[in-house]
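Biologist: I am new to this structure and would like a close look at one part of it. Please take me through that part slowly, in one connected account.

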Amino acid sequence: AGMEVRSYKAAFWASTTIESDDIYEAEQKGFRRLFKYISGENKQRQKIDMTSPVLNKITPGPGPACKSKFTISFMVPWALQARGMSPPTPNDERISLGIIGDLQVAVRSGNGYWLGPTRKRGGGRVLIEAE
């Protein structure tokens, strides 16, 4: 599958940051933390639909043997961004809600799911912010 550049308007996102030297571990921890939030582990006990894309912003550590910061973000569904609506408040203080965007991202899409930088099963989706 080839790469496609997509544009996304500014939107509300739920984000969490993991510090790690292992991208696979960081993505798994961040995804699980956010998945619990959208599965109802929030102050309102409200379930939220899973949306795409899922973003991973990587802030490299200061040196080769240093941990990097991986900020994993789920877009809040548009229905919860309408006037007068707001996303549920996270129970987990490591999750923040805020506006990200406008974005341009490079997307490789396919069937399956992402298992890490060199491991993938059946395709998956990779999002990279285009500068």
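Biologist: Is phenylalanine 31 buried, exposed or partly exposed, and what is its relative accessible area?

Modeller: Please keep in mind that this is a predicted model. Phenylalanine 31 has a relative accessible area of 33%, and it therefore counts as partly exposed, since that value falls between the 20% under which a residue is buried and the 50% over which a residue is exposed. Phenylalanine 31 lies in helix α1, and so does phenylalanine 35, four residues apart from it, which is about one turn of the helix. At 40% relative accessibility, phenylalanine 35 is partly exposed as well.

Phenylalanine 31 also forms an aromatic pair with phenylalanine 74, with 5.1 Å from centre to centre and 65° between the planes; the pair counts as edge-to-face because the angle is over 60 degrees. This pair links distant parts of the chain, since phenylalanine 31 belongs to helix α1 and phenylalanine 74 to strand β4, 43 residues apart. Phenylalanine 74 has a relative accessibility of 3% and is therefore buried.

By the rule used for ring centres, the count comes to two aromatic pairs. The other one joins phenylalanine 31 and phenylalanine 35, whose rings are stacked, with 6.2 Å between the centres and an angle of 10° between the planes. Phe31, Phe35 and Phe74 form one aromatic cluster.

From phenylalanine 74 the view can be widened to the largest nonpolar core, which has 10 residues in all, among them Phe74, Leu34, Ile48, Leu80 and Ile95. The elements that give two or more residues to this core are α1 (23-38) and β4, and α1 provides the largest share, three residues. Apart from this core lies another one, of eight residues, including Trp13, Leu103, Val105 and Val107.

Two members of the largest core can be followed further. Leucine 80 sits in the loop between β4 (68-75) and β5 (95-100), and at 9% relative accessibility this residue counts as buried. Leaving aside neighbours within four places in sequence, leucine 80 is in contact with Gln46, Ile48, Met85, Ser86, Pro87 and Pro88. Leucine 80 and isoleucine 48 are 32 residues apart in sequence, while their C-alpha atoms are 8.9 Å apart in space. Isoleucine 95, with residues up to four places away in sequence not counted, touches Ala14, Ser15, Thr16, Arg33, Leu34, Tyr37 and Pro90, and Leu34 and Tyr37 are, like Ile95, members of the largest nonpolar core.

Key. Residues numbered from 1 in each chain as written. Predicted model: local features only at pLDDT ≥ 70, side-chain atom pairs only at ≥ 80, totals over all residues. Heavy atoms only, no water. Buried < 20%, exposed > 50% of the residue type's maximum accessible area, 1.4 Å probe, protein only. Contact = heavy atoms within 4.5 Å. Core = buried A, V, L, I, M, F, W, Y, C linked by side-chain atoms within 4.5 Å. Phe/Tyr/Trp six-rings, centres within 6.5 Å; stacked < 30°, edge-to-face > 60°.
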